[in-house]
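Visitor: I am new to reading protein models and would love a close look at one single part. Could you walk me through it slowly?

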Amino acid sequence: METSLLLFLLLAPFAGFLFNVFFGKKVSRNVSGTIGTIAVAISFGIALNFFFQINSTKKPILIELFHWMTLGNFNVGFSFLLDQLSILWLLFVTGIGTLIHIYSISYMHDDENLHKFFAYLNLFIFFMITLVTGSNLLIMFIGWEGVGLCSYLLIGFWYKNQEYNDAAKKAFIMNRIGDLGFLIGIFTLGYLFSSVDFTTIKTAVASGQTVDLGWLGFGTFCLFIGASGKSAQIPLYTWLPDAMAGPTPVSALIHAATMVTAGIFMITRLNFLFDLTPNIQMIIAVIGAITSLVAAFIALVQNDIKKVLAYSTVSQLGLMFLALGLGAYEIAVFHVITHAFFKACLFLGSGSVIHAMHGEQDMRKMGGLRKYMKVTYITFLIATLAISGIPIFAGFFSKDEILMVAFHENKALWVIASLASIMTAFYMFRLLYLTFFKEFRGTDEQRHHLHESPSLITFPLIVLAILSTVGGFISFPGHSWLNEYLKPIFIRAREEHHVDTTTFMLMGVAVVGALIGIGIAYSNYIKKSQVPGADNEITGFSKVLYNKFYVDEIYMAVIVRPIYAIASFSKNFIETALSGFIFGLGKVTNMVGTQGRVLQNGSVGFYLFVFVIGTASIIAYLFLAQ
Amino acid sequence: MDVSFLLIILLVGAIATFLSGDKWASKIALLFSLAAFGVSVYLLNLYNAGQNINLIKQWVTIPKIYIALGADGLTMAMVLLTTALTPLIIFSSFGNSYAKSKNFYALILFMVFAMVGTFLSADGFLYYIFWELSLIPIYFIALIWGNGNPQSRKKAVVKFFIYTFAGSLFMLVSFIYLYQITGSFLLSDLIRAQLSTQEQFWIFLGFFLAYAIKIPLIPFHTWQAKVYQKAPAVGTMLLSGIMLKMALYSIIRWQLPLAPLAAKEYLYYFVGLSVAGVIYGSIVALKQKDIKKLLAYSSLAHVGLIAAGCYTMTLDGLRGATLQMIAHGFGVVGLFFAAEIISRRYTTGKISEMGGIRIQSPKFTSMFMILVLASVALPGTFNFVGEFELLYSLAQKSVTICIIGGTTIILGAFYMLRMFQKVMLGEKNEKFFADVNFNEGLVMVIIIGVLLFFGLYPKPIIDLITPSLEEAIKVINRI
Amino acid sequence: MLTTVFYILSAITLASAFLTIFTKNPIHSAIYLVICFFSIAGHYLLFNAQFLAVVHIIVYSGAIMILLLFTIMLMNLNKEDEKHKSGLTILAAVASFCLVAYVLLAAFIKSMPILEKGDYYVSGEDYQSIKVLGQVLLDEKNGFMIPFEFASVLLLVSMIGAVLLSKKEEKISL
Amino acid sequence: MQSVLQEIGINNYIYLSTILFCIGIFGVLFRRNAIIMFMSIEIMLNAVNLLLVVFSTYHQDAAGQVFVFFSMAVAAAEVAVGLAILVGIYRNIHSIDIDKLKNLKG
């Protein structure tokens with residue numbers, strides 16, 4: 001029963017994928033989109049079913065399908081594990097997935113390759129389910145790479161534009177760098193535990209099996225590299241902003257809500273290993289904090305609506321890693337969920353705006369959309385309030401908990417994270433003001449076409465806005481349902497901080513910080529009616545920020561160019577030299593032949609002379625050598 | 001029935017094809033290659049049922065040479081790979097018309113005959129004969145039916161011939177030295193030779209030269225790219241799909257068992273050299289302007305990893321190597337076939353002259369995409385299983401080497417996707433590109449099916465080869 | 001007595017050999033060569049190998065020299081037509097003469113102790129009469145029967161070859 | 001019977017045939033006339049024959065003399081063929097100067 005349900009859960013999106021690949025072109029657009037949506041909705045239903053089941057039984061479900069490969073002295077099976085963590089992830093992946101599918105039916109309606117779009121989205125959901133339900137690292141890796149592939153396909157969905165293809169390629173390769181880390185991590189764990197199965201490793205750790213902590217640290221560090229590739233952390237984050245080349249629903253689904261949280265999922269999955277290696281945890285926390293700050297800085301001055309959201313995603317992911325690094329896995333998970341709600345809402349809202357603006361993404365050409373797009377504006381506002389950390393909205397609770405943990409563990413990290421949060425409030429409201437307030441700055445033709453999006457687009461927005469509002473209550477401070485729910489996946493219980501005056505003080509500080517950020521944005525963009533200048537007018541530090549600290553350029557100069565240079569050098573010189581050497585051997589033979597030809601000068605006298613000398617030498621050798 | 005039946009079928013097929021007219025040659029060749037495939041499947045059943053399918057007969061008394069043909073799981077896997085690829089390769093050539101096609105197809109079957117013989121031989125001398133015999137047909141195939149300027153083609157092909165031939169002579173020297181000691185060419189007798197590490201080193205080196213040139217490993221690879229580019233698609237497929245597996249197989253079958261001490265003593269040098277080839281091949285592939293050359297260098301990178309896995313002499317390494325040999329065999333044949341499909345329509349190999357194919361032929365694009373993904377070892381494809389085990393075996397020996405070798409998954413993605421982007425994506429090309437026809441599609445679908453099926457369920461192959469490889473490890477570790 | 005004869009014969013041999021080489025007229029060379037052959041036959045007689053001496057004179061002085069003379073006369077070579085030799089040729093000839101002489105003599109001198117061991121004795125057995133020679137040559141078991149037959153085949157073949165080569169009708173390209 | 005070797009000494013014969021042989025070599029290298037070169041070869045052959053006979057006597061073994069017969073047969077065959085070739089050459093280039101025979105030049 002469970003096996004077949006699981007298979008349905010897995011294969012429903014895959015069936016949708018196959019249908020859309022093979023028949024998508026023949027059926028009408030709506031059918032294609034509807035089937036894609038229904039496929040994901042089925043998975044969502046099954047996930048809900050599992051959720052209720054596990055809530056009552058509290059027992060993880062382990063399903064082994066068949067034997068996959070043999071490594072050294074242990075087997076790796078095609079098996080799946082449904083526990084609290086994976087079901088939680090399943091719920092919001094398929095749930096938000098369903099919403100975004102609905103949204104896409106309308107959003108992508110005019111695209112000629114609509115069926116392919118849904119095929120890829122379904123494939124993505126399939127791989128994402130594989131990723132979260134896999135019971136060992138290798139199955140997880142299938143999903144891990146699979147979602148990377150779908151990300152590649154969807155970023156480069158408009159394949160006629162080679163810049164988009166470049167972005168897709170970049171995303172895939174950056175991810176692959178992380179994947180190599182992941183692989184090495186798998187090897188290390190396999191070597192240490194003779195297994196790559198989560199439950200086996202967990203049992204081994206729980207039973208106190210002694211492992212070489214040095215190697216374990218190496219392994220967890222490699223896994224962290226893998227996570228930082230997928231979840232866009234320093235130094236591998238640059239692909240995510242570029243990934244905005246894909247259609248907006250893709251940005252919402254893959255590059256905000258689900259795929260990029262895979263790294264957090266993986267680290268949470270293996271929390272018991274990271275707990276054993278505090279040094280690596282420290283690295284994770286520091287990297288997370290720095291990422292959140294750097295990304296927030298860059299987001300301050302971006303003018304592309306999706307780029308701002310992308311950097312905000314990187315920044316929020318940084319906060320999650322900070323929480324992970326501090327050992328507060330459940331808080332990271334909490335933030336993942338709330339972030340999925342409001343960031344999906346923001347992306348979809350921006351998609352709605354872009355849809356209305358006919359593809360225009362530059363905020364400098366927007367403004368005043370509030371009047372034209374009421375629903376979009378309200379939902380966008382709610383999500384913005386949520387991400388800025390205004391109380392009662394979802395983001396407030398999760399972000400506040402992260403800051404609180406940081407405050408207790410390490411004050412410096414707390415300062416960095418708080419700074420990032422203040423900046424978040426600022427740039428998000430900057431985005432809101434520039435887009436929805438004041439006068440419209442686009443062309444007349446665009447103004448003429450401005451309209452509220454159809455209900456298929458607004459419906460997901462409303463649902464997500466509601467979730468962004470109430471989502472925070474799943475982990476209300478002091479009475480956290482989430483913490484209770486997730487307890488079974490940890491070995492070591494984290495001591496909860498009591499709700500005391502410090503808590504309220506920190507909450508107050510955070511809210512005040514957010515309000516300061518909002519206030520600055522208000523004074524700049526509403527009071528002073530500023531509009532960011534053209535690209536070439538930007539100077540000083542903001543130019544550095546606008547150009548994203550020149551990280552792409554630095555990578556280009558430090559890594560990509562040298563590789564190309566080595567490639568050219570190898571191709572032009574080493575290859576030639578090697579080839580020349582081999583040909584040289586032939587040439588030496590040839591030359592000896594030519595020289596030998598000169599010896600064969602045809603003069604019999606000379607031959608005789610050499611003959612005599614040779615004979616004499618042989619005789620001398622035979623008789624006189626001893 | 002023993003394994004010699006398979007050889008007889010292939011030889012008879014070659015003769016029959018040669019005697020038939022140009023019109024029917026391709027069909028007859030296909031028929032015989034399918035028959036050979038059927039026979040090898042039947043032999044596999046016999047082998048699995050535990051029957052004796054080996055053959056051993058005295059051939060020459062002085063020196064003592066046997067006609068010894070034998071098959072274990074590893075051999076069966078390689079023979080099946082060969083006989084399964086042959087019909088595909090022959091069928092894939094139906095889209096081209098070759099002058100004097102009876103000679104062409106007869107040579108193909110003859111080459112397959114020699115290669116299957118190489119896999120099956122259990123006597124060193126017989127093995128050497130088959131090994132060299134396989135070189136002759138490909139020389140003519142590449143020389144007569146190749147592409148491009150005849151002058152430069154001749155240069156490339158003759159270089160290839162002399163180079164590989166010269167390499168093989170060192171192997172012959174090693175064999176003769178071993179014969180001097182043991183008085184027999186039988187593998188089972190040769191491994192009993194009592195040799196010092198120094199002697200083994202020289203024997204190892206003799207084998208190594210032959211194999212390193214054939215595989216090829218850097219820095220012995222310079223013949224490869226040009227020959228792959230100049231040879232007809234069928235020749236390239238035979239070379240890359242099967243012939244280089246011959247050398248990799250021989251490492252496991254001959255080189256390591258005959259000189260285990262040397263292999264252990266100098267393990268890191270040979271693993272390091274192989275892994276260096278991985279990086280080097282990947283990097284040079286980045287700058288290739290010709291699609292076939294790019295695939296050649298990518299092949300260089302992949303086989304470097306396979307060789308590295310072989311030289312680790314761990315069970316994982318050998319198993320991964322065998323799995324990857326099969327996966328790479330299918331994958332590279334598919335990729336070269338895709339390149340051939342493109343060059344059939346564009347009549348050029350230059351990447352810069354391609355682009356925008358995806359708009360015109362979505363089916364071909366999907367197939368090519370899957371092959372590219374298989375080549376970069378995406379999980380779920382057969383290549384992943386092999387590459388994963390290979391890297392795992394490297395990690396057991398040295399994590400550093402594993403990381404260096406692992407960069408293949410990054411660089412591989414880099415050059416393959418770059419190539420895919422430039423060839424397939426982008427704005428519409430003014431040149432017309434027809435989508436795949438039924439024949440082409442069939443070949444592609446079979447190859448993709450094999451890659452995906454075994455990617456998810458490699459158990460049959462793992463079960464087939466593991467006992468033989470454990471046996472091989474035991475022989476290697478006998479001293 | 002014998003020593004004197006030996007020295008006289010040796011002097012004739014060497015002198016006529018030298019003259020054979022240095023005489024410019026080929027006919028004279030041939031005549032000096034005949035003298036040389038006769039003196040070598042004399043050496044054979046000194047060893048009491050009469051049969052050999054006779055055969056030697058028949059074959060060399062009779063057959064071979066006549067052939068040579070015929071050829072010389074056929075080609076009308078009786079006049080001096082050899083070009084002036086270069087210094088290099090002379091130097092090469094002298095050098096190899098010295099070298100070979102040095103090597104051979106050194107080899108002989110080195111093996112001299114074996115010859116001078118002093119245990120040399122004469123058994124007095126007959127070993128070189130025609131009877132003995134015939135037995136050695138034509139004995140089927142221990143003798144040189146088969147080589148003898150081969151020698152005859154060789155002579156036949158060379159005869160055919162010579163005829164074929166010197167036939168005038170077919171031009172032999174060289 | 002007193003052996004002639006005991007009186008004269010084998011050394012002298014060895015020296016004699018060595019010198020004779022060297023004269024032959026000298027002749028072959030010195031002269032460019034093919035017929036004279038032939039004669040020089042004959043001298044060398046005779047030097048060897050002489051030495052064979054000397055050692056035959058020394059060992060009191062007939063095999064050495066038998067060998068001389070064979071050597072003579074070979075010499076006769078050689079001269080016959082060689083001279084035929086010379087005649088052929090002469091017909092073609094009207095000379096038997098070996099310096100003019102350069103067809104073997106590579």
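Visitor: In which helix of chain A is the place of F141(A)?

Guide: Happy to help! Please keep in mind that this is a predicted model. F141(A) sits in helix α5 of chain A, the helix formed by residues 137–155.

Let us ask next how F141(A) is surrounded. A residue is called buried once 20 or more other C-beta atoms lie within 10 Å of its own. F141(A) has 25 C-beta neighbours inside 10 Å, and therefore it counts as buried.

Now for its partners. If you set aside the neighbours within four places in sequence, F141(A) is in contact with F182(A), I186(A) and P379(B). So that you can try a distance yourself, take D179(A). Along the sequence F141(A) and D179(A) are 38 residues apart, yet from C-alpha to C-alpha they are 8.4 Å apart in space.

Let us step back to the stretch of chain around this residue. An unreviewed UniProt entry annotates residues 135–424 of chain A as "domain: NADH:quinone oxidoreductase/Mrp antiporter transmembrane". In the model, that span is 78% helix and 0% strand, and its end C-alpha atoms lie 37 Å apart.

Another residue of chain A worth finding is A344(A). The largest nonpolar core has 418 residues, and A344(A) and L248(B) are those with the most contacts inside it. Beyond its neighbours within four places in sequence, A344(A) is in contact with I96(A), I100(A), A252(A), A256(A), A257(A) and L464(A). There is also a second, separate core of 79 residues, which includes A53(C), Y13(D), I23(D) and A84(D).

Chain A also touches chain C, and the contact takes 9 residues from each of these two chains. On the chain A side, 8 of the residues are nonpolar, 1 is polar and none is charged.

Finally, have a look at chain C itself. Its domain assignment gives domain 1 (1–79) and domain 2 (125–167), and the centres of these two domains, taken over C-alpha atoms, are separated by 23 Å. For chain C, an unreviewed UniProt entry lists several spans as "transmembrane region", among them residues 6–23 and 144–165. Residues 6–23 of chain C are 94% helix and 0% strand, with end C-alpha atoms 25 Å apart. Residues 144–165 of chain C are 95% helix and 0% strand, and there the end C-alpha atoms lie 31 Å apart.

Technical notes
Residues are numbered from 1 along each chain as its sequence is written. Chains are lettered from A and ligands numbered from 1 in the order in which they are written. This is a predicted model: local features need pLDDT of at least 70, side-chain atom pairs count only at pLDDT 80 or more; totals for chains, interfaces and linings use all residues. UniProt positions are given in the numbering used here, feature names are shortened, and annotations may be inferred rather than shown by experiment. Helices (H or I, at least four residues) and strands (E, at least two) are DSSP runs, numbered from the N terminus. Two residues are in contact if their C-beta atoms, placed from the backbone, lie within 7 Å. Ala, Val, Leu, Ile, Met, Phe, Trp, Tyr, Cys and Pro count as nonpolar, Asp, Glu, Lys and Arg as charged, and the others, Gly among them, as polar. A nonpolar core is a set of buried Ala, Val, Leu, Ile, Met, Phe, Trp, Tyr and Cys residues joined through C-beta atoms within 7 Å. A residue is buried if 20 or more other C-beta atoms lie within 10 Å of its own, exposed if 12 or fewer, and partly exposed in between; C-beta atoms are placed from the backbone. Domain bounds come from an automatic or database domain assignment.
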